[in-house]
Amino acid sequence: MTPDTHPAFEHLRSQTIEALKLRVEEYRHKKTGAQHIHLAADNPENVFLVALRTVPHDSTGVAHVLEHTALCGSEKYPVRDPFFMMIRRSLNTFMNAFTSSDWTAYPFASQNRKDFDNLLDVYLDAVFFSNLDELDFAQEGHRLEFAEPDNPDSKLVHKGVVYNEMKGAMSSVPAQLWQALSRHLYPSTTYHHNSGGDPEHIPDLTYEQLKAFYRTHYHPSNAIFMTYGDISAADHQAVFEARVLSRFEPLDTVTAVGEEKRYHAPIAVEQAYPLEEGEDPARKTHVVMSWLLGKSTNLQEALEAELLTAILLDNSASPLLQALETTELGQAPSPLCGLDDSHYEMAFACGLEGCALEQVPQVEQLILDTLRKVAEEGVPQELVESALHQLELEQREVTGDGMPYGLHLIMTGLGAATHRGDPIALLDQETALTRLREKIHQPDFIPNLVRTLLLENPHRLRLTLRPDTAYTRHAQEDEERRLEAIRTGLSDERRQEIIERARALEERQNAKVDDSLLPKVGLEDIPHAMAYVDGSRETLDPQDSNSYPLRRYSAGTNGLVYQQLNCKLPALSEEQQALLPYYCHCLTELGVGERDYLETQRWQASAVGAISASSSVRGATDDVQRIDAYLTLSAKALARNHNAMTELMKATLEQVRFDELPRLRELIAQTRARREQSITGSGHSLAMAAATAGMAPAAKLSHQLGGLAGIAKLKQLDQGLEDAEQLARFSQQLQAIHRLVLQAPKQFLLVGEPEQLDRYRDELLAHWPETPKGEDFSAFTLEPVSEQVREAWITNTQVNFCAKAYPTVPGEHPDSAALTVLGGFLRNGYLHRAIREQGGAYGGGASQDGNSAAFRFFSYRDPRLTETLDDFDGALEWLHSEDHGWQPVEEAILGVISSIDKPASPAGEAKQTYQAELFGRTREKREMFRNRVLEVTLDDLRRVADQYLKPEHASIAVVTHSGHKSTAQELGLNIRAL
């Protein structure tokens, strides 16, 4: 049956995808050729995305700067910042904008129809009728200013949100690896360039170039509209036509990525990357090998490449990953290991980090020898079956915890649509997977893939990144020389222009905005009740009231089942507490019973989609100094594999082997590498964790285990395990923790489709038939904490992450709601302008954390330090000195309610509810908090700020570079090295 179609569109095709419970409809706008792909689903969380094919020809970041600038005011909404204003005036469940290597996308989602329509109108106007004000280009992209804005004799500095965002992004070694790999693997296409912008080249972008790029790329003929949910395609199309498409003529030019010019022989490239001065550069080299493969739009080729990647790299029993993990040539497999299928032509990469420069050829030889062995001997059929099993599970799983499920599906099809392939085929992989199941039984199928895609493929790159402790200093000196050369060459007139523009921008940023032009929702549009997923409260054995506690949740999981085994965390010594994260990580990475870790990894791959262990320590809802703690072993599987999953989970808990010492050594080395690389991506979270470490025992433990202090201790642990005696002792310590865990009280969680839940319970009972013993058990405890923190953590970064925190109240306290609203109020009204627009940081804000009874200010990828800490104080002065009406309070309340009501995946909502109630966050307490949020007034905000945010109680933590040591010391911060 042909769906209803707007007269301006032609319906091309429709296809029902039973596995995803939706129908995909494809349309074409008759006049402009704009593409519309609609995913019709019985889901009130509607999603919209418009994508433009953006193909830059340099590394000025033109597409990225345009993505930012386009959201700074449009024809119908000529206000300075409609995007961030709409975040405040909305009940959205997702709002963002993305710049990829060859497309730019503007997505949002909402469960409220009025809100959806509001956002759609603002988004369409922003994308297709943007004002592109030159001052917004200066703010968001880049500009020159004098260090003393009114002094033309002071130094020149680069400013700009994107400029600082990319300085932060390119501080990450994986990002530098990826950009270097792309530059050489793709010598002639757009992927050769940094689409986000290279900080060295961003200042080369001109305002005229930005406008020219907009004219040729932000046009319906170059656009892909994608929608998901229960609003019909015809309804969407009526809006598209009325608001946008009727005003455009077809575009003559076609934007596309061409085929790459292929190498006739492999190449090798060596480059330097910055290492903090004073660090030992020995064994800090990164080696990556990469091959250019076929087109990502060819579903069969893409699936075959994905299957081969899974076979080679999926787990520690995979031949290539095993070789990389066990070799002495490096510390850990490269973070770039895997398949990139986001580009028009795919790339496969593998390698090592933590190598000696002189051993680079041996790393290459190790990789090639491993591939040759696979080509000559093949791999066990069970490994191939397991890899295909993982592909099937990924295809079926209903995600939606990180982003809305509908947006996840849209993103899956976007790449194919961008490259004019078949997005429906990428969403409906059942037929292609069936063909693949037939092929894997051919004895030479996998060996032939290794030969054709890799060994006999001459388009191969060996990339070496070697450390250089002088790199950052030289780069800074070069930038200072360039800026000084520009300054000395400026005419008096040009100097005055720079001063005048800085004044004009500041006036624009400080001007009162007439936001009445923008549509909004109000408190009257908020649902009266909080959505709640209820589960059973029962025992595993219905006939035995003393059996293990069990909670079952019915959810639309599309043929998957989720299981958790939760153990009360036992009392641990301080030494054991420090090892808790490594115990959890190793628990599912070691051998089980008679199986070594390689056999166990193969068992896992055949039975489950994932299995992991984690610990959670949280303060009580009414007193954060009292804590509760659990260890959770969790897994997911296809419904048919539930019994196998249960067997695996029980065996893992009861028979894990901590005697595999070389494996333990590998795991800690890999963990260290991964944690060190995470700093520049999550520096604001790490800084906030450090600043709140003195306010609650759980917060202190989080900082010591998973925060900056934990990373520093992990380095020491990793170095110490080089000694055989220390490694043996480490093994014994993990075993001692495990013995305590085995004695802990246990309970279970099951999430699945309703018709399967009884079978799941029966299978679980068959594995756990015994009645739990009433053994003496000592629960995990922590000493109360109350201390101020003043720290500066030094690492290799080009930008700063600042945090200031104040002790407040736990989540159940009546003032917690007002403090939570205060965070949004200060961010919306003051911090966004001061820290992002004027300060040039990528982000900044404030929030109340009821779990640690702390209110935290933060900045992210920030060029400033002292000034930002002053801005945190300035926000509180602004709160009291300005005359605020009701609207900004209402907007802050909307933001809090939107985050509370934001849906997750069906399984995710069940697991979140279970974990919340495990720690005493009952439905009644959460509804009470939500109701209190709705009752917050401006007087409440001023009162709680006065009562709790006192300067003498503040703690400060910053993540910065060595150049700011003296500044940090002047602020009275204790220097900590990472």
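How many cavities of 30 Å³ or more does the count come to? In this predicted model, the count comes to 2 such cavities. Rolling a probe the size of a water molecule over the atoms reveals where empty space remains.

The largest cavity has a volume of about 40 Å³. Its lining is made up of Leu293, Ala305, Leu308, Thr309, Leu339, Phe348, Leu453 and Leu454. Two elements, α9 (299-313) and α16 (445-455), each give two or more residues to this lining. Of the elements involved, α9 gives the most, with 3 residues. Sorted by class, the lining of the largest cavity comprises 7 nonpolar residues and 1 polar residue, with no charged residues. Thr is outside the set of residue types that count as nonpolar or charged, and therefore counts as polar; Thr309 is among the residues that line this cavity.

The second largest cavity holds about 30 Å³ of space. Around this cavity stand Leu71, Pro82, Phe83, Met86, Met95, Val122, Tyr123 and Ala126. Here the elements that give two or more residues to the lining are α2 (82-88) and α3 (113-128). The lining of the second largest cavity has 8 nonpolar residues, and neither polar nor charged residues appear in it.

Helix α3, which gives residues to the lining of the second largest cavity, also leads to another part of the structure, since α3 meets helix α8. Two packed helices are described by the angle between their axes and by the distance between those axes. The axes of α3 and α8 (residues 233-243) come within 11 Å and cross at roughly 35°. This crossing of α3 and α8 is right-handed.

Which residues of α3 and α8 meet? From α3 come Arg113, Phe116, Leu120, Asp121, Leu124 and Asp125, and from α8 come Asp235, His236, Val239, Phe240 and Arg243. The residues of this contact divide into 5 nonpolar, 1 polar and 5 charged. Charged residues are thus present where α3 meets α8, whereas the linings of the largest cavity and the second largest cavity have none.

Aromatic rings give a further view of the fold. The structure holds 30 aromatic pairs. One of them joins Phe48 and Phe240 in a tilted arrangement, at 5.9 Å centre to centre and with 55° between the planes. This pair links distant parts of the chain: Phe48 belongs to strand β4 (residues 46-53) and Phe240 to helix α8, and the two are 192 residues apart. Phe240 is also among the residues of α8 that meet α3.

Methods:
Residues are numbered from 1 along each chain as its sequence is written. This is a predicted model: local features need pLDDT of at least 70, side-chain atom pairs count only at pLDDT 80 or more; totals for chains, interfaces and linings use all residues. Side-chain values use heavy atoms; hydrogens and water are left out. On a 1 Å grid over the protein atoms alone, a cavity is a set of points where a 1.4 Å probe fits but cannot get out, and a pocket is an open set with protein on both sides within 12 Å along at least five of seven lines; lining residues have an atom within 4 Å of a point. Grid points are joined across faces, edges and corners, and a volume is the space filled by probe spheres set on the points. Helices (H or I, at least four residues) and strands (E, at least two) are DSSP runs, numbered from the N terminus. Axes are lines fitted to C-alpha atoms, for helices over the stretch in contact, and angles run from 0 to 180 degrees between N-to-C directions. A crossing is left-handed if the near helix is turned anticlockwise from the far one by less than a right angle, and right-handed if clockwise. Contact means heavy atoms within 4.5 Å. Rings of Phe, Tyr and Trp (its six-membered ring) pair if their centres lie within 6.5 Å; planes under 30 degrees apart count as stacked, over 60 as edge-to-face and the rest as tilted.
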